[in-house]
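Work through the exercises below with the sequence and the structure at hand. Each task is followed by a solution in steps.

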Amino acid sequence: MNRSFFFHTLSFLILLGTSGMTYGLLSQEAEKREGRRKKASLLESIRKSRREKSFEGVSTVKTNVHGTEYITRMEIYRSGTDRQIHLLDLQGGKTRPRHGSRRMGGGMASLFQPGSFRRARLQNPNDIAKNYQILLGEEVFVGGRRGQSIRIIPRSDDRPAYLLVSDKENSFPLQFAVMGSKGEVAYEKKFDSIRFLSGEYRGRKHRKRVDQPRWGSITQEKISFDQNPTFGFPVWIPKVLPVGFSLTDSMRMNINTGPIKMEVVYSIYSDGIALFSLLQFSNENPVWKMMKTFFPASKKGEGIFTRKVSLGIGSAFILEMNGTVVVLAGNIWAEALQKTAESLKPYMGDPS
């Protein structure tokens with residue numbers, strides 16, 4: 001009976017121990033999920049405040065490109081459907097004229113660094129919480145406001161880290177910085193002063209189609225590769241993506257500006273905050289033929305035309321293969337983007 005009692009006791013202890021271990025593992029996983037949920041909720045509140053808060057203030061933007069720092073100060077006002085941005089001249093300390101609008105960049109150069117990729121956005125807080133460590137830091141004062149510092153550190157070392165300071169009262173991002181591959185600040189937007197206004201910012205009103213310039217038009221439509229769309233030139237898709245990235249949007253653009261007519265296929269991939277684009281068009285386009293002359297000629301027998309472009313925060317690869325120009329551009333490091341470029345495979349739509 002003593003032996004029977006011993007084995008029953010031993011079995012009970014083993015069962016208790018293993019069940020406790022299992023419960024402990026499940027509890028840890030549940031705590032991780034709850035932690036990610038809370039951090040995603042924090043980022044969502046910042047994202048919502050950035051999109052909806054009305055304010056007026058002065059901000060400074062610093063961009064470091066190949067060791068050269070560019071600084072721009074601007075006055076910003078937005079409320080209701082009105083948004084105004086007035087650039088400030090740092091050298092002379094004079095405000096530029098307030099009438100009219102001023103465009104920064106644009107044209108074919110933007111194909112190599114699309115506007116939405118020049119700085120990061122909180123695209124998907126749930127994905128950010130999954131792909132990054134989110135660390136809360138000390139309280140700091142920015143723009144005369146009390147804020148909470150937040151570090152967003154990637155779990156993969158092939159992309160930037162980020163620094164946020166959100167307003168303690170309303171979660172608005174008072175400061176946002178992108179860290180370069182060596183830990184330097186590659187991009188920073190910081191409010192020198194800010195005053196929040198009553199009411200909600202609802203976004204600018206877009207011009208109606210009838211207001212578009214008569215000299216040309218740009219139309220776009222969302223597409224899904226699962227529906228087997230057809231195109232006027234060979235289209236490529238990547239088989240290898242950086243960890244945590246997924247396709248978030250694809251569209252077809254038709255550009256008709258006088259002598260220039262081109263079809264463009266434009267896809268966006270994201271891990272929640274970092275982005276890269278895959279932009280494609282026919283190599284018969286006259287604009288591309290002109291632009292290609294500015295690049296050094298490919299070596300004889302090299303085959304595919306390939307060029308790498310450094311963008312400061314990230315990189316771009318330009319390829320010409322089988323009648324198609326493919327531009328991969330984004331704010332991830334060149335090594336990761338190169339692996340994606342090397343994995344490009346022809347997209348085979350339904351021939352019917």
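**Exercise 1. The chain as a whole**

Among contacts in the chain between residues at least 6 apart in sequence, what percentage join residues at least 24 apart? State also the secondary structure and the share of buried residues.

Solution. The model is predicted. Among the contacts between residues at least 6 apart in sequence, 54% join residues at least 24 apart. The chain contains four helices and 17 strands. It has 352 residues, of which 41% count as buried. The exposed area of the chain is about 21300 Å², and carbon and sulfur atoms supply 53% of that area.

**Exercise 2. Strand 7 and its neighbours**

Find the strands that pair with strand 7, and decide whether strand 7 is enclosed or open.

Solution.
1. Strand 6 (residues 162-167) pairs with strand 7 in the antiparallel sense, over five bridges. One bridge joins Ser166 to Pro173 of strand 7.
2. These two strands form a hairpin with five residues between them, and Ser171 in the turn has a positive phi of about 70°.
3. Strand 8 (residues 185-200) also pairs with strand 7 in the antiparallel sense over five bridges. Here Gln175 has Lys190 in strand 8 as its bridge partner.
4. Strands 7 and 8 form a hairpin as well, with five residues between them; Gly183 in the turn has a positive phi of about 90°.
5. Strand 7 covers residues 173-179, and seven of its seven residues are buried, so the strand is largely enclosed by the rest of the structure.

**Exercise 3. Aromatic pairs**

How many aromatic pairs does the structure hold? Classify the pair Phe172 and Phe191, then the pair Phe225 and Phe231.

Solution.
1. The structure holds twelve aromatic pairs.
2. For Phe172 and Phe191, the ring centres are 5.8 Å apart and the planes stand at 65°; the cut-off for edge-to-face is over 60 degrees, so this pair is edge-to-face.
3. Phe172 is in the loop between strand 6 and strand 7, while Phe191 is in strand 8, so the pair ties together parts 19 residues apart in sequence. Phe172 and Phe191 are both buried.
4. For Phe225 and Phe231, the centres are 6.3 Å apart and the planes are at 50°, so the pair is tilted.
5. Phe225 has 16% relative accessibility and so counts as buried. Phe231, at 18%, also counts as buried.
6. Phe172 and Phe191 belong to one aromatic cluster with Phe55 and Phe196.

**Exercise 4. The two sides of helix 4**

Which residues of helix 4 (residues 334-342) are buried, and where do they lie around the axis?

Solution.
1. The buried residues are Ala334, Ala336, Leu337, Thr340 and Ala341.
2. Viewed down the axis of helix 4, these buried residues fall within an arc of 160°, so they line one face of the helix.
3. The general rule behind this is that an α-helix has 3.6 residues a turn, so residues three or four places apart point the same way.
4. Glu335, Lys339 and Glu342 are exposed on the other side of helix 4.

**Exercise 5. Nonpolar cores**

How many residues has the largest nonpolar core, and which of them have the most contacts inside it?

Solution.
1. The largest nonpolar core has 47 residues, and those with the most contacts inside it are Ile128, Ile152, Tyr162, Leu164 and Leu328.
2. Strand 8 gives the largest share of this core, five residues.
3. Leaving aside residues up to four places away in sequence, Leu328 touches residues including Leu337, Thr340 and Ala341, which are among the buried residues of helix 4.
4. Another core lies apart from the largest one; it has 16 residues, among them Met251, Val264, Val325 and Val327.

**Exercise 6. Three asparagines**

Are Asn228, Asn322 and Asn285 buried, partly exposed or exposed?

Solution.
1. Most residues other than glycine have a negative phi.
2. Asn228 has a positive phi of about 55°. It lies in the loop between strand 9 (217-222) and strand 10 (236-238). At 34% relative accessibility, Asn228 is partly exposed.
3. Asn322 has a positive phi of about 50° and lies in the loop between strand 15 (315-321) and strand 16 (324-330). Its relative accessibility is 60%, so Asn322 counts as exposed.
4. Asn285 lies in the loop between strand 13 (275-282) and helix 3 (286-292). With a relative accessible area of 5%, Asn285 is buried. Not counting residues up to four places away in sequence, Asn285 touches Ile260, Lys261 and Met262.

Notes:
Residues numbered from 1 in each chain as written. Predicted model: local features only at pLDDT ≥ 70, side-chain atom pairs only at ≥ 80, totals over all residues. Heavy atoms only, no water. Buried < 20%, exposed > 50% of the residue type's maximum accessible area, 1.4 Å probe, protein only. Pairing = 2+ DSSP bridges. Phe/Tyr/Trp six-rings, centres within 6.5 Å; stacked < 30°, edge-to-face > 60°. Arc of directions from axis to C-beta. Contact = heavy atoms within 4.5 Å. Areas by Shrake-Rupley, 256 points an atom, 1.4 Å probe, with all protein chains shown as cover. Core = buried A, V, L, I, M, F, W, Y, C linked by side-chain atoms within 4.5 Å.
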